[in-house]
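Please open the model in a viewer and keep the selection panel at hand. The tour begins with the whole chain and then moves to individual residues.

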Amino acid sequence: MQCSNEQPAATGTVSAYRELLLGGEPSLTATDLAERTDTPVTRVNSYWIAMGFPPAGKDKVIFTPQDLRAYRRWSDLIDSGQIDLGTGLSLVRAQSHITDRLVLWQVEAIVDDLARRFTFDDTTARLTMLDKMRDFLPLLEEELIYSWKRQLEALISRVDSEVSHRGNESESDQFPLIRTLGFVDMVSYTSQSVSLPQRDLVDLVDQFETVCRVAVPSAGGRVVKMIGDAVFYIADDLPTGLRVVTELMDRLNSIRGLLPVRASIVQGAVFSRSGDVFGPPVNLASRLVDVAPVGQILTDADTAQHILKGEAGPEYQVSAAKEADLRGVGRVVPFMVRSAERA
């Protein structure tokens with residue numbers, strides 16, 4: 001990509017992108033969408049809000065024919081009875097939340113690339129991005145569809161593998177998914193974020209996230225989410241979870257310039273909603289990482305028993321740590337986890 005230090009003109013850029021992305025300028029209102037699909041305006045607005053946008057005034061022109069086609073497909077699915085309205089709105093929220101984060105990530109990545117490689121200031125980098133983003137559109141669109149298909153196939157395979165081993169279930173209060181999960185966070189991040197130069201802080205966060213997003217899947221786990229100075233990871237079983245957290249800790253500790261890290265790991269029953277994971281094990285793991293000594297991995301007594309029984313293999317050891325008062329949990333005796341090699 002050839003770039004000069006002259007600021008590109010932004011005139012007409014938004015209109016050009018509307019043509020590329022939306023098929024043209026808006027020409028329809030919420031009332032138009034409702035009338036052309038024989039649905040109430042309230043449903044149009046429910047769909048639009050689920051997309052992450054503010055309510056559309058009945059007579060405000062903000063929709064294009066492309067919006068109409070998308071809304072009609074979604075509304076027809078509801079009316080067919082294949083899913084109910086609540087599920088339909090949940091599906092819209094899911095894809096809109098992910099794509100909102102996705103486009104922000106992609107735009108900021110390209111802005112950062114321009115600023116670094118061409119030594120642009122932030123304004124010039126963003127103006128150049130507005131001019132150059134169209135060059136990336138075909139690739140980004142195709143890669144989005146490809147990635148979605150790959151992720152869906154992987155999830156379907158995991159679900160099939162898990163449920164095929166289940167017998168008939170009796171009534172139980174336990175959440176359905178048995179997972180191993182935990183957190184790894186950077187120590188003293190808050191104080192460092194105040195004193196570090198802006199560029200150094202950006203590099204610190206970028207490097208931490210990059211290492212996490214490479215190391216966790218490389219060890220067989222999945223990143224649930226990044227939380228500023230921490231990563232929330234998950235694995236399908238205890239051996240994989242232990243491999244994830246120990247290898248990630250080793251990887252992070254080996255990088256010069258990163259802040260020291262600490263971690264937690266807990267096995268238990270959880271459930272998933274809105275792309276996130278919830279349940280008592282998540283809360284416990286979150287509290288354990290807060291009291292973990294620098295460079296150490298803490299677990300709870302139940303998970304420690306599974307490790308002591310050899311369920312994760314002979315390469316891991318546990319030892320009782322100092323009793324701690326965990327907020328919302330109470331006083332517990334956590335256990336430190338080490339691989340036999342590290343110990």
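Among contacts in the chain between residues at least 6 apart in sequence, what percentage join residues at least 24 apart? The value is 66%. Please keep in mind throughout that this is a predicted model.

**The whole chain**

Display the chain as a cartoon: 12 helices and 10 strands should appear. Switching to the C-alpha trace, one finds spans of about 65 × 60 × 35 Å along the principal axes. Next, colour by accessibility; 36% of the 343 residues count as buried. A surface representation shows the exposed area, about 20200 Å², of which carbon and sulfur atoms supply 53%. Colouring by charge brings out 36 positive and 47 negative side chains. The centres of these two sets lie 1 Å apart.

**First stop: D67**

Select residues 65-79, which form helix α4, and locate D67 within this helix. D67 is buried, yet it has no salt bridge. Which side chain of opposite charge is nearest to D67? It is that of R69, at a distance of 8.8 Å; a salt bridge would require a side-chain nitrogen of Lys or Arg within 4 Å of a carboxyl oxygen, so R69 does not qualify. Now add the backbone of T64 to the view: the side chain of D67 reaches the backbone nitrogen of T64 at 2.8 Å.

**Second stop: S188 and S274**

Two serines merit a check of their backbone angles. Most residues other than glycine have a negative phi. S188, although not a glycine, has a positive phi of about 65 degrees. To find S188, select the loop between β1 (177-186) and α8 (189-195). S188 counts as partly exposed because its relative accessibility is 42%.

Proceed to S274, in the loop between β4 (261-273) and β5 (276-278). Here too a residue that is not a glycine has a positive phi, in this case about 55 degrees. Is S274 buried or exposed? With a relative accessible area of 79%, S274 is exposed, since exposed residues are those over 50%.

**Last stop: S286**

Finally, select helix α11, residues 280-291, and centre the view on S286. S286 counts as partly exposed because its relative accessibility is 21%, and the limit for buried residues is under 20%. Then draw a distance between the C-alpha atoms of S286 and V266: the separation is 9.6 Å, for two residues 20 apart along the chain.

How values were computed:
Residues numbered from 1 in each chain as written. Predicted model: local features only at pLDDT ≥ 70, side-chain atom pairs only at ≥ 80, totals over all residues. Heavy atoms only, no water. Helix = DSSP H or I, 4+ residues; strand = E, 2+ residues; numbered from the N terminus. Buried < 20%, exposed > 50% of the residue type's maximum accessible area, 1.4 Å probe, protein only. Lys, Arg positive; Asp, Glu negative; His and termini not counted. Polar contact = N/O pair within 3.5 Å; in protein donor to acceptor, adjacent residues only side chain to side chain. Contact = heavy atoms within 4.5 Å. Areas by Shrake-Rupley, 256 points an atom, 1.4 Å probe, with all protein chains shown as cover. Charge placed at Lys NZ, Arg CZ, Asp CG, Glu CD.
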